[in-house]
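Please open the structure in your viewer and keep the selection panel at hand. The tour below suggests what to select next and tells you what is found there.

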Amino acid sequence: MSVEFSEQTHRNMIGRIPETTGRELSDWLRTVDDGPSLFRFEEKVSWLLGAHELSYGQAKAIIHEHDLRRAARKFG
């Protein structure tokens, strides 16, 4: 199941990550970097859900942000 979020919804979710998870976004991005080498988006979301106590929306937002930043580094 994939739920699409608007860019504004994504930004709002990312902005609330520290408050709702107790960890800074940068910590979560490092966690994803240090995690297993998974390729598919949903595999990464499932891994983050299973390894940490997050909601599906939180995990999806973190993985989406991670992928956006990785793509920006490649093209930047």
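Before selecting anything, it helps to know that a residue is called buried when its relative accessible area is under 20%, exposed when that area is over 50%, and partly exposed in between. Keep in mind as well that what you are looking at is a predicted model.

**Stop 1: a residue in α1**

Select T20, which lies in helix α1. With a relative accessibility of 43%, T20 falls between the two limits and therefore counts as partly exposed. If you now add R69 to the selection, you will have two residues that stand 49 places apart along the chain, and whose C-alpha atoms are separated by 21 Å.

**Stop 2: helix α2 and its buried face**

Next, select residues 25-34, which form helix α2, and colour L25, W28, L29, T31 and V32, since these residues of the helix are buried. Turn the view until you look down the axis of α2: the buried residues fall within an arc of 155°, so they line one face of the helix. It is useful here to remember that an α-helix has 3.6 residues a turn, so residues three or four places apart point the same way. What do the buried residues of α2 pack against? Show α1 (7-21), α3 (41-51) and α4 (56-75), because these are the helices that the buried residues of α2 pack against.

**Stop 3: where α2 meets α4**

Hide everything but α2 and α4, which pack at an angle of about 80°, with their axes 10 Å apart. An angle from 65 to 115 degrees counts as roughly perpendicular, and that is why α2 is described as roughly perpendicular to α4. To see the contact itself, select L25, W28, L29, V32 and D33 on the side of α2, together with I62, I63, E65, H66 and R69 on the side of α4. The residues of this contact divide into 6 nonpolar, 1 polar and 3 charged.

Stay for a moment with H66, which lies in helix α4 and, at 8% relative accessibility, counts as buried. Leaving aside residues up to four places away in sequence, H66 touches L29, V32 and D33.

**Stop 4: the nonpolar core**

Now bring all the helices back and select W28, L48, L54 and I62, which are the residues with the most contacts inside the largest nonpolar core, a group of 14 residues. The elements that give two or more residues to this core are α1, α2, α3 and α4. As a general background, nonpolar side chains tend to be buried together in soluble globular proteins.

Centre the view on I62 and ask which residues I62 touches. Not counting residues up to four places away in sequence, they are I14, I17, L25, W28, L29, V32, L48 and L54.

**Stop 5: H10 and A59**

Select H10, whose place is in helix α1, and which counts as buried at 2% relative accessibility. H10 touches F5, A61, H64, E65 and L68, again not counting residues up to four places away in sequence. Although H10 and I62 are 52 residues apart along the chain, a separation of 9.3 Å is found between their C-alpha atoms.

Then move on to A59 in helix α4, which is buried with a relative accessible area of 0%. From C-alpha to C-alpha, A59 and H10 are 11 Å apart in space, while in sequence they are 49 residues apart. With residues up to four places away in sequence left out, A59 touches V45, L48, L49 and L54.

**Stop 6: K44 and D67**

For the last stop, select K44, a residue of helix α3, and D67, a residue of helix α4. Are they buried or exposed? K44 counts as buried at 7% relative accessibility, and D67 is buried too, with a relative accessible area of 18%.

Show the neighbours of each in turn, not counting residues up to four places away in sequence: K44 touches L38, F39, I63, D67 and R70, whereas D67 touches F41 and K44. Finally, draw a line between the C-alpha atoms of D67 and F41, which are 26 residues apart along the chain and separated by 8.7 Å.

Note on methods: Residues are numbered from 1 along each chain as its sequence is written. This is a predicted model: local features need pLDDT of at least 70, side-chain atom pairs count only at pLDDT 80 or more; totals for chains, interfaces and linings use all residues. Side-chain values use heavy atoms; hydrogens and water are left out. Buried means under 20% relative accessible area, exposed over 50%, partly exposed in between (1.4 Å probe, protein chains only). Helices (H or I, at least four residues) and strands (E, at least two) are DSSP runs, numbered from the N terminus. The arc is that of the directions from the helix axis to the C-beta atoms. Contact means heavy atoms within 4.5 Å. A nonpolar core is a set of buried Ala, Val, Leu, Ile, Met, Phe, Trp, Tyr and Cys residues joined through side-chain atoms within 4.5 Å. Axes are lines fitted to C-alpha atoms, for helices over the stretch in contact, and angles run from 0 to 180 degrees between N-to-C directions. Angles under 35 degrees count as roughly parallel, over 145 as roughly antiparallel, 65 to 115 as roughly perpendicular and the rest as oblique. Ala, Val, Leu, Ile, Met, Phe, Trp, Tyr, Cys and Pro count as nonpolar, Asp, Glu, Lys and Arg as charged, and the others, Gly among them, as polar.
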